[in-house]
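The following exercises concern nonpolar cores and helix packing. Please study the sequence and the structure before reading the solutions.

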Amino acid sequence: MLIIPKPSPGEFGPYAAAYIDLVPQEEALLSHLHHSESAVFNLITRIPETQLTTPFEVGEWTVKQILVHIIDQERVFTYRALRFARGDTTELATFDHDAYVITSNANQRSLEAIFAEYRAVRQSTLTLFEGLEDSVLTRAGRVGGNQTSVRALAWLIAGHELHHLYSIRHNYVDGSATN
């Protein structure tokens, strides 16, 4: 399995450090991504169905919206990684993740359908990164004015997901939710 070393500062925008730092360094990144599916499933299935479409607080996203946001973000990060890995240095724009969530229709979808999409996207992500040569991991391009490497995008996928899973666990599983 390809080892994707942790990116160095300068390979990602300043905002990304908080996500990248969440990923355990002792675990191989692709192994982490491969095994996180069961962690996501185990966490989400502990939450009562009625709470999956109820935001923890007014103005916050629901659990289903968060899951679809994780999927959307992974697709975007993987697309960027593909472009940079293939040598495309065209600067890429950021995207409005709030607008994506609003139009995602996540709360009307079944949890099974969301999990099926999650598995498909994750498999595609793993297939892309497993097919890369070590030499392309430090290739980079610009996203929203920030230099971003292929390996930073891989780490961002994992860290972004962990960020949201910690939030879900805290708000819905550890006894904080009262909805």
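**Exercise 1.** Determine which members of the largest nonpolar core touch the most other members.

*Solution.* The largest nonpolar core has 29 residues, and those that touch the most other members are I4, L29, L30, F129, L132 and V150. A nonpolar core is a set of buried Ala, Val, Leu, Ile, Met, Phe, Trp, Tyr and Cys residues joined through side-chain atoms within 4.5 Å; buried means under 20% relative accessible area with a 1.4 Å probe, protein chains only. Two or more residues come from each of helix 2 (29–44), helix 3, helix 5 (111–130) and helix 6. Helix 6 gives the most, nine residues.

The model is predicted: local features need pLDDT of at least 70 and side-chain atom pairs pLDDT 80 or more, whereas totals for chains, interfaces and linings use all residues. Numbering runs from 1 along each chain as its sequence is written, and side-chain values use heavy atoms, without hydrogens and water.

**Exercise 2.** Establish how the axes of helix 3 and helix 6 are arranged.

*Solution.* Helix 3 spans residues 63–85 and helix 6 residues 150–173; their axes come within 8 Å and cross at roughly 175°. Axes are lines fitted to C-alpha atoms over the stretch in contact, with angles from 0 to 180 degrees between N-to-C directions. Helix 3 is therefore roughly antiparallel to helix 6, the term for angles over 145 degrees. Their contact (heavy atoms within 4.5 Å) includes F77 of helix 3 and H160 of helix 6.

**Exercise 3.** Decide whether helix 6 is largely enclosed or not.

*Solution.* Of its 24 residues, 19 are buried, so helix 6 is largely enclosed by the rest of the structure.

Methods:
Helices (H or I, at least four residues) and strands (E, at least two) are DSSP runs, numbered from the N terminus. Angles under 35 degrees count as roughly parallel, over 145 as roughly antiparallel, 65 to 115 as roughly perpendicular and the rest as oblique. Buried means under 20% relative accessible area, exposed over 50%, partly exposed in between (1.4 Å probe, protein chains only).
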